[in-house]
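Subject: Structure handover, with notes on contacts

Hello,

Please find the structure below. My notes on it come after the coordinates.

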Protein chains: 2
Amino acid sequence: MLAVVNCSQVVTLGGARRPRVGAEISEIYIIEGGARVVRGGRVEKVGTRVEIEPLIDSDCEVVDAGARVVLPGFVDAHAHPVFAGTRADEYEERARGATYQEIAARGGGIRSTVRRTREATLDDLVRAGKRYAEWILRTGTTTVEAKSGYGLTTEDELKILRAVRRLNEETPLQFVPTFLGAHDMPDEYRSRREEYIKLLTEEMLPRVAAERLAEYCDAFCEERVFTLDESRKILEAARSLGLGLRLHADQLTLSGGAHLAAELRAATADHLEHTDTSGIKALKAAGVQPVLLPGSVYALGSSRYPQAREMIENGLAVVLATDFNPGSSPTPSVPMILSLASTHMKMTPAESLTAATINAAYSLGRGNEVGSIEEGKRADFVIHDCMDYREVAYFFGVEHAHEVFVGGRRVFRRDRPANIQDNG
Amino acid sequence: MLAVVNCSQVVTLGGARRPRVGAEISEIYIIEGGARVVRGGRVEKVGTRVEIEPLIDSDCEVVDAGARVVLPGFVDAHAHPVFAGTRADEYEERARGATYQEIAARGGGIRSTVRRTREATLDDLVRAGKRYAEWILRTGTTTVEAKSGYGLTTEDELKILRAVRRLNEETPLQFVPTFLGAHDMPDEYRSRREEYIKLLTEEMLPRVAAERLAEYCDAFCEERVFTLDESRKILEAARSLGLGLRLHADQLTLSGGAHLAAELRAATADHLEHTDTSGIKALKAAGVQPVLLPGSVYALGSSRYPQAREMIENGLAVVLATDFNPGSSPTPSVPMILSLASTHMKMTPAESLTAATINAAYSLGRGNEVGSIEEGKRADFVIHDCMDYREVAYFFGVEHAHEVFVGGRRVFRRDRPANIQDNG
């Protein structure tokens with residue numbers, strides 16, 4: 001049993017048990033001076049100190065939050081955290097003026113990570129993944145989606161998903177696996193696209209489903225990557241095998257991705273930088289959640305952010321995620337994404353926080369399990385070294401997570417630099 | 001005595017003992033598998049392992065860098081790290097659509113921090129400053145400029161500079177103090193501007209100089225803040241008292257600030273978002289270094305970054321700095337600034353690193369002391385948890401500093417989350 005006391009704020013994100021939109025967020029359930037009790041890895045009670053006190057028994061571990069903020073662990077609903085190598089060389093090329101598209105055309109981009117990931121062993125991928133899992137936890141995230149998509153052969157895609165399974169077992173971070181064999185057309189199939197679609201639908205997907213290696217299937221829908229028809233075929237095959245659906249839609253051009261996600265009643269349509277009003281209305285009508293990824297807009301040097309305000313005004317329960325990947329969004333940090341959302345997309349701090357916790361949890365089918373600090377939910381929460389929840393994104397570029405708990409167990413605690421403390 | 005071995009790269013920034021421009025940076029002196037020896041807080045020798053080995057004696061502490069990158073400590077040449085309170089409320093107001101100027105017009109902005117800083121005691125400011133000093137060190141900076149400017153009365157400005165002096169004594173971070181009494185026109189002098197200029201030049205500056213509380217004097221030159229004539233008067237008075245000169249120039253409008261900095265042969269002209277070609281040429285002719293502050297462009301939601309490439313092409317030794325402050329740039333992180341410079345200002349990783357180390361050191365009159373890892377210089381260096389120096393900014397929003405050394409003494413070491421390590 002664990003009790004957390006002396007919190008400056010507990011931002012519970014509790015309330016209606018469904019994803020939330022704009023005005024509903026004006027009240028985000030801040031308990032000032034709040035406290036909470038955890039038993040058996042689940043939240044037993046959230047309330048004021050006075051309400052909690054009677055539940056604290058003699059063998060209870062009492063955690064003093066030191067007048068800091070407590071938030072639910074962030075839920076990062078779009079990430080590609082298992083890959084080999086980095087693309088720091090392309091980062092330099094882009095600083096020298098090359099565009100992402102030019103780099104891709106000469107064999108860089110996703111294909112360069114595919115080459116390195118194919119060469120890597122399962123152990124190599126797990127080792128690299130642990131480095132990123134550490135960063136993800138350290139920045140306050142406790143649940144992360146993990147897409148395959150850097151293998152593009154049956155064995156290499158399965159290798160990535162097996163690495164995700166091992167990371168789920170061997171680290172405290174909770175992973176939700178997504179099959180993204182349709183991330184790019186592999187070089188060897190460029191002149192015979194239909195064969196790759198067949199490989200995806202008749203070999204890869206059945207194996208992924210049989211080994212229960214993924215909960216969702218995703219596809220990169222873009223005229224020059226997978227067309228609307230190709231994407232539809234892939235996602236329909238996935239659905240028939242029992243997988244949930246997600247879609248990379250309208251990132252580089254307005255290609256009809258949002259409409260396809262609506263037609264298929266996918267769980268999410270992701271990116272949406274070019275989606276217009278008609279696409280937004282289609283998502284709303286079909287109950288599809290938009291997953292916005294401002295980290296990739298930033299890192300590609302663009303300023304064309306998705307239309308978050310129009311989506312909120314149309315009643316969509318927006319999700320924010322990192323898109324963590326080695327090319328277009330090399331950040332594992334949800335707070336960085338919250339900063340981008342408030343400074344460049346006019347989402348309020350409360351809207352952004354909701355988008356990266358409870359709304360994200362619903363988009364991954366875990367709305368009843370994580371994303372808020374509520375009775376009965378898994379006790380995944382983070383003590384941030386701030387007095388006010390808004391500071392977590394306001395002071396950007398620095399890590400605020402002070403202690404991270406998953407299932408009521410402390411998995412990270414930040415040490416202060418000795419020399420600062422000694423003299424303080 | 002200390003030896004650092006098993007580095008993947010030692011990026012020394014050594015070479016010509018002067019600030020550096022564009023093409024000169026193509027060679028940034030990377031020693032692969034490098035090692036180094038420190039004695040008496042100074043760098044004794046930098047070289048390959050074979051060159052270093054004979055210098056390692058029996059009582060030498062050997063630091064294994066674990067195949068990580070070693071960089072000089074960053075030098076942050078423009079920062080306002082001593083203030084009371086935060087402005088997270090204004091961060092929310094701006095997300096809701098208010099502009100920085102609107103917030104300032106209704107008593108927010110700098111004036112709101114001034115009110116809180118006036119109410120704070122010296123101890124309050126030192127306590128808050130230590131929190132930020134920790135962040136600054138943790139993100140890999142070992143020398144930081146610290147401006148006053150949130151007091152705007154003689155006693156409150158002196159209080160801030162005394163807090164800087166105490167932070168310099170009580171933390172391992174090295175501070176360079178700058179007097180910025182001309183940061184804003186205080187409310188009580190709005191109808192009698194000349195009296196405030198007189199207070200600055202005849203009372204504040206002489207006291208600051210007499211108590212040796214600052215090395216530099218700065219002014220916020222902008223038509224609606226301090227005019228060209230007012231700024232000139234203030235800086236001339238400062239110069240006659242032996243202070244070096246810096247200037248907030250052309251941030252919000254093209255007001256002639258760059259030309260004034262050139263006329264006065266200031267050490268630096270800072271911001272320069274609106275500076276044109278004529279201003280750039282004037283800075284070059286006068287030997288003034290530009291200090292670029294993309295953090296404030298980003299945090300204000302703008303995309304009008306200063307013309308770094310044109311400055312480099314005109315032969316200027318560009319400096320990059322955080323502008324860390326609670327309003328327009330709430331980031332203490334130099335790596336975040338390097339990311340902005342490469343993704344949004346087309347500075348290469350090598351140019352950006354040079355701008356935030358050796359060039360910054362020269363701009364603060366410390367080019368012979370810090371900013372590079374060279375024989376005889378103070379041993380301020382950082383082991384970053386990366387294989388390649390470019391990763392420090394490429395993977396943005398996460399802290400990479402693994403161990404931080406100031407004067408050869410370890411002042412920070414990051415612990416890995418226990419559960420990740422145990423299972424790894």
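The notes below cover the contact between the chains, their symmetry, the domains and the salt bridges.

Conventions: this is a predicted model, in which local features need pLDDT of at least 70 and side-chain atom pairs count only at pLDDT 80 or more, while totals for chains, interfaces and linings use all residues. Residues are numbered from 1 along each chain as its sequence is written, chains are lettered from A and ligands numbered from 1 in the order in which they are written, and side-chain values use heavy atoms, with hydrogens and water left out.

Chain A and chain B

Chain A puts 70 residues into the contact and chain B puts in 70 residues, where contact means heavy atoms within 4.5 Å. The two chains bury about 6200 Å² between them, with 59% of it on carbon and sulfur atoms; buried area is the accessible area (1.4 Å probe) that two parts lose on being put together, summed over both.

There are 6 salt bridges between chain A and chain B, a salt bridge being a side-chain nitrogen of Lys or Arg within 4 Å of a carboxyl oxygen of Asp or Glu. B:Glu92 pairs in this way with A:Arg390, with 2.9 Å between the closest N and O atoms. The rule also finds 25 residue pairs in polar contact across this interface, both residues at pLDDT 80 or more. A polar contact is a pair of N or O atoms within 3.5 Å; within protein, one must be able to donate a hydrogen and the other to accept it, and residues adjacent in sequence count only if both atoms are side-chain atoms.

On the side of chain A that touches chain B, the elements giving two or more residues include α2 (88-95), α5 (122-138) and α13 (334-344) of chain A. The largest share, 8 residues, comes from α5(A). Helices (H or I, at least four residues) and strands (E, at least two) are DSSP runs, numbered from the N terminus. That side of chain A divides into 31 nonpolar, 19 polar and 20 charged residues.

Symmetry

A turn of 180 degrees and a shift of 0.0 Å along the axis lay chain A on chain B with an RMSD of 0.0 Å (least squares on the C-alpha atoms of residues with pLDDT of at least 70 in both copies). That is the relation of a two-fold axis. In chain A, A:Gly397 has the C-alpha nearest the axis, 2.4 Å from it. Both copies use the same surface, as 100% of the contact residues of chain A recur in chain B.

Domains of chain A

Chain A is divided into domain 1 (2-73 + 372-413) and domain 2 (75-363), with bounds from an automatic or database domain assignment. Their centres, taken over C-alpha atoms, are 29 Å apart. In chain A, 32 residues of domain 1 are in contact with 27 residues of domain 2, and the area buried between these domains is about 2400 Å², of which carbon and sulfur atoms give 70%. The rule finds 1 salt bridge across this domain interface, and 5 residue pairs in polar contact, both at pLDDT 80 or more.

Salt bridges overall

Over all chains the count comes to 84 salt bridges. One of them joins A:Asp218 and A:Lys147, whose closest N and O atoms are 2.8 Å apart. A:Asp218 lies in strand β9 (residues 216-219) of chain A and A:Lys147 in strand β7 (residues 141-147) of chain A, so the pair ties together parts 71 residues apart in sequence.

Regards

Terms used. Ala, Val, Leu, Ile, Met, Phe, Trp, Tyr, Cys and Pro count as nonpolar, Asp, Glu, Lys and Arg as charged, and the others, Gly among them, as polar.
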